[in-house]
Amino acid sequence: MKNFTKEGNVYTLNKQYGLFVPLIGFFLLLTILGFVKIPESTFKWWMLGITTLLTLSFYVGFLTIDMDQEEFRTRVSLFSGVKVMPLSDLEGFTIHKLKQMGFITTNVTLLANYSKNGKDKELKLAQHFYTKPIQSILNEIHEIIER
């Protein structure tokens, strides 16, 4: 397992730095530039606030596959709660790629598709800039579920 840490029958996705490090770094750079170049502006405080929220969001997000309870547990952001999806409801996985100008990939998201009370729903599991890390995570999820 490259992307997951196993503790008993609970698998936890390791922190994925690929999306957050460049994003947090960019806003941190804007914050520093704001303090250095335009100290009288409120711009620097807005950038510091956004950087702080992004950093907190990174640290509270998680994905856990509990094979004892047979469920996915995930939290993708600071403002969303913990979402639980039983493996029995799982219908499949989808990889969404967001491209700009038709060829520049800006976001790749791994979603679990499931049905609850007759409604089709999606649960975000992982996010990255590139498809290869997402495919690797999906392959490991398949390995975990099939055990």
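## A walk through the predicted chain

Let's start with residues 20-39, where the chain is 90% helix and 0% strand, with the end C-alpha atoms 26 Å apart. Keep in mind as you look around that this is a predicted model. Why begin with that stretch? UniProt, in an unreviewed entry, places the feature "transmembrane region" at residues 20-39 and again at residues 45-65. The second stretch reads a bit differently in the model: over residues 45-65 the chain is 76% helix and 19% strand, and its end C-alpha atoms sit 38 Å apart.

Now step back and take in the whole protein chain. It has three helices and eight strands. Reading from the N terminus, you meet them in the order β-β-α-α-β-β-β-β-β-β-α. The C-alpha trace spans about 55 × 35 × 35 Å along its principal axes. The protein chain has 147 residues, and 33% of them are buried. If you take the contacts with a separation of 6 or more, 43% of them come from residues 24 or more positions apart. As for the outside, the accessible surface comes to about 9,100 Å², with 59% of that belonging to carbon and sulfur atoms.

Next, follow the strands β6, β7 and β8. Strand β6, residues 90-100, runs antiparallel to β7, and ten bridges join the two. To find your place in this pairing, look for G92, whose bridge partner in β7 is N113. The hairpin of β6 and β7 has three residues between the strands, and M101 takes a positive phi near 55° there. Strand β7 also pairs with β8, again antiparallel, through nine bridges. Here a handy marker is T109, whose bridge partner in β8 is Q127. The hairpin of β7 and β8 has two residues between the strands, and in this hairpin N117 takes a positive phi near 55°.

What about the inside? The largest nonpolar core has 22 residues, and the ones with the most contacts inside it are F4, I65, F72, F93, L110, L125 and I141. Several elements give two or more residues to this core: β2 (10-13), β3 (62-66), β7 (104-116), β8 (119-128) and α3 (131-146). Of these, α3 provides the largest share, five residues. So you can see β7 and β8 turning up again, this time as contributors to the core. Apart from this core lies another one, made of six residues, among them F20, I24, F27 and F58.

Finally, zoom in on a single residue, D66, which lies in strand β3. Is D66 buried or exposed? Its relative accessibility is 7%, so D66 counts as buried. And what does its side chain reach? A polar atom of the D66 side chain lies 3.0 Å from the backbone nitrogen of D68. The D66 side chain also reaches the backbone nitrogen of Q69, at 3.2 Å. Setting aside residues up to four places away in sequence, D66 touches N9, V10, E71 and R73. One of those neighbors, V10, falls within β2 (10-13), an element that gives two or more residues to the largest core, as does β3 (62-66).

Terms used. Residues numbered from 1 in each chain as written. Predicted model: local features only at pLDDT ≥ 70, side-chain atom pairs only at ≥ 80, totals over all residues. Heavy atoms only, no water. UniProt positions renumbered as here; feature names shortened; annotations may be inferred. Helix = DSSP H or I, 4+ residues; strand = E, 2+ residues; numbered from the N terminus. Core = buried A, V, L, I, M, F, W, Y, C linked by side-chain atoms within 4.5 Å. Buried < 20%, exposed > 50% of the residue type's maximum accessible area, 1.4 Å probe, protein only. Polar contact = N/O pair within 3.5 Å; in protein donor to acceptor, adjacent residues only side chain to side chain. Contact = heavy atoms within 4.5 Å. Areas by Shrake-Rupley, 256 points an atom, 1.4 Å probe, with all protein chains shown as cover. Pairing = 2+ DSSP bridges.
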